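Student: Pick one residue in this model and take me through it up close. Then work outwards from there to how the helices pack and how the chains meet.

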Amino acid sequence: MKEIIRLENIRRDFHVGGETVHALRGVSFTIYEGEFVTIMGTSGSGKSTLLNTLGCLDTPTSGEYYLDGVSVRTMGKNDRATLRNRKIGFVFQNYNLLAKTTAVENVELPLLYNPNVTAAERRERAIRALTSVGLADRLEHRSNQMSGGQMQRVAIARALVNDPAVILADEATGNLDTRTSFEILVLFQELHARGRTIIFVTHNPDIARYSSRNIQLRDGHVIADTQNDEVLSAVDALAQLPVTDE
Amino acid sequence: MNVTNLFKIALRALANNKLRGFLTMLGIIIGVASVITMLAIGQGSKRSIQAQISEMGSNMIMVHPGADRRGGVRLDAADMETLKLQDYNDIVSECSYVSLATPTVNSSGQLIFGANNTPSTVYGVSPEYLDIRRYEVEDGDFFTEQDVLTSAKVCVVGKTVVDNLFTNGENPVGQVIRFGKIPLRVVGVLRSKGYNSMGMDQDDLILAPYTTVQKRMLAITHLQGITCAAVDERFTDQAMEEIAEVLRRNHKLQRGDDDDFTIRSTQELSEMLTSTTDLMTVLLAAVAGISLLVGGIGIMNIMYVSVTERTREIGLRMSIGAKGRDILAQFLIEAILISVTGGIIGVLVGVCASLIVNAAAHFPIYIQPWSVLLSFAVCTVAGVFFGWYPARKASQLDPIEALRYE
């Protein structure tokens, strides 16, 4: 199986007011193509720092990080920006869509920063991505005209549009109600089934049961890394939810 | 990152906040419009003064008696009898830079024709006066040298006099009007010149041979003035020197004596008047320039606020692959688009405002192409200048911090 991410003894120190905070104290793991990994941990466990490192927003103090075979640690800011643009799709807790902007335009955004993509191709790929998340009929809706679930779908489409090596989701269901959370989980499981590599950072232990692998962090160390042999189906869970009158 | 995409991004960002964009532009619009309008008004009055002076004859030189002092008392120029016909003759024959000259004597009084009468001034001149002052005869003829020699009782009348005297629409040419007790036959009518820049009606006059005015009306032998034309505007100074030389010699003035005459040229007058309007133009432009500066600061303020307000957006753009320079370019392009669009609207508003000032207040305007170009250049520069700092601030944000910004 192809390696997408390889972390080798990653350390990250922050200097806050004369003190050194060790956010990551030697994290190593490898993620292969097609895995759906949840990274869990309480706040202060180094979860956010790890996510920033995986997302090439931050560089480790020491250790090696290979993303799709490329060493990230020695890269400059601009090269990392390009790498994020080509290899990573971000999904945030608060969606981070551009205000008053249509779904298509939001999804096109990563491709605007890629000079190799023409305008026509950009739009076509954005529409394809939106169709794949079930929003084919919402192309021209503006972000303020959509529900939370729809906005998160647009965000997922935006993460998919550049055909990334890995999708990084940061508490992607954190702002959604239970029902919509499961709908989004269904979508992630579908993407997983289609062969996407997904890393889902969360503090919600329930989510872990729907992923194929679970990494647990505490105080900057990996304390558990388990394969989930009985992946629950989010579709079933959704079906069992009591129907609320709307 | 190509430029087209950057423009698209900036345009979309602006389109998302049309009202704010417009309000920001307003500063630039008002600044540019006022620069253009103020300069148009300033230049317009300058040009209209220049036009009127050149209509009057821009190469004209006027010699008057004066600057004399008897026992410490400076005397009224009209009392002086220092200018003689000989002076005129010598100027004509000796001054090479003077092309035309005419003696002038004038007398004010009541003009009478039939039951109508009107106050006016009779100017006693020679036929050269016509060319020096750039009058034209519309109807009939001007009087001749022969009329001057014989002190003939003839005159040429201005349009205002015609309107006041010949109320029944008679043809003035050939009619006899009276100036006081002296009957004058009208031989011609002058083409109308209208009012000059100092508000004087240039058509309220009648012209007669200077000899007629001297002998029959005023009973004097001296001249009240000599009006000359330099061969060319550029040689006005030389012509004035020559005239002064002739007059000082004729009047037997010693070295060190004050002139007993004054020489003025319309060029001096025009320089004086245009320097006044130049000052006014500078003043108006300075006021307008300040409003342009305030408009620029408005851009900086809005861009600065917008960087803070859009921190999360900047963080997002960076996380999906925007480089620092892409963000810098986006904000800079936004600032430039605002100021250039504001500049275009400002030019249109300024031109319209100038035309309205012209139409409503009858104020002369002249829109100079360079003032349009200048204000346009200024607002582009303002966009870059005032957009730079906020844009730079945006580009240096840390994507992690920016994404977490509340």
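Tutor: Let's start at Tyr389(B), which is partly exposed, with 15 other C-beta atoms within 10 Å (20 or more other C-beta atoms within 10 Å of its own is buried, 12 or fewer is exposed, in between is partly exposed, and C-beta atoms are placed from the backbone). Before going further: this is a predicted model, local features need pLDDT of at least 70, side-chain atom pairs count only at pLDDT 80 or more, and totals for chains, interfaces and linings use all residues. Residues are numbered from 1 along each chain as its sequence is written, chains are lettered from A and ligands numbered from 1 in the order they are written.

Tyr389(B) lies in helix α12 of chain B (helices are DSSP runs of H or I with at least four residues, strands are runs of E with at least two, numbered from the N terminus). For a sense of reach, 81 Å separates its C-alpha atom from that of Gln175(B), 214 residues apart along the chain.

What does α12(B) pack against? Helix α9 (residues 266-309) and helix α12 (residues 369-395) of chain B pack at about 25 degrees, with their axes 9 Å apart (axes are lines fitted to C-alpha atoms, for helices over the stretch in contact, with angles from 0 to 180 degrees between N-to-C directions). That angle makes α9(B) roughly parallel to α12(B) (under 35 degrees is roughly parallel, over 145 roughly antiparallel, 65 to 115 roughly perpendicular, and the rest oblique). The two cross in a right-handed way (right-handed if the near helix is turned clockwise from the far one by less than a right angle, left-handed if anticlockwise). Tyr389(B) is among the α12(B) residues of this contact, along with Phe385(B), Phe386(B) and Pro390(B), while α9(B) brings residues including Leu292(B), Ile299(B), Met303(B) and Tyr304(B) (contact means C-beta atoms, placed from the backbone, within 7 Å). The contact residues split into 15 nonpolar, 3 polar and 1 charged (Ala, Val, Leu, Ile, Met, Phe, Trp, Tyr, Cys and Pro are nonpolar, Asp, Glu, Lys and Arg charged, and the others, Gly among them, polar).

Leu292(B) leads on to another spot, as one of the residues touched by Val35(B). Val35(B) sits in helix α2 (residues 18-57) of chain B, and counts as buried, with 26 C-beta neighbours inside 10 Å. Leaving out residues up to four places away in sequence, its other partners are Ala285(B), Ala288(B), Gly289(B), Ser371(B) and Ser375(B). The C-alpha of Gln396(B), 361 residues away along the chain, is 36 Å from that of Val35(B).

Another helix pair in chain B is α1 (residues 3-15) with α11 (residues 324-361), whose axes come within 9 Å and cross at roughly 60 degrees. α1(B) and α11(B) are therefore oblique to each other, and their crossing is right-handed. Leu6(B), Phe7(B) and Leu14(B) are among the α1(B) residues involved, facing α11(B) residues including Ile333(B), Glu334(B) and Leu337(B). By class, that contact has 9 nonpolar, 1 polar and 2 charged residues.

One backbone oddity in chain B is Lys252(B), which has a positive phi near 55 degrees without being a glycine. Lys252(B) is in the loop between α8 (236-250) and β12 (261-265), and is exposed, with 7 other C-beta atoms within 10 Å. Chain A has such a case in Glu171(A), with a positive phi of about 50 degrees. Glu171(A), though, is buried, with 20 other C-beta atoms within 10 Å, in the loop between β7 (166-170) and α6 (178-193) of chain A.

Now for the chains together: 22 residues of chain A are in contact with 20 of chain B. On the chain A side, α2 (77-87) and α3 (103-112) each supply at least two residues, and α2(A) gives the most, with 6. That side has 10 nonpolar, 7 polar and 5 charged residues.

α3(A) also packs within its own chain: its axis and that of helix α4 (residues 119-132) come within 9 Å and cross at roughly 115 degrees, in a right-handed crossing. Among the residues in contact are Val107(A) and Leu111(A) of α3(A) and Arg122(A) and Ile127(A) of α4(A).

On confidence, chain B has a mean pLDDT of 85, with 96% of its residues at 70 or more (pLDDT is the predictor's confidence in each residue, from 0 to 100). For the complex, the predictor gives an ipTM of 0.92 and a pTM of 0.71.

Key:
Contact = placed C-beta atoms within 7 Å.
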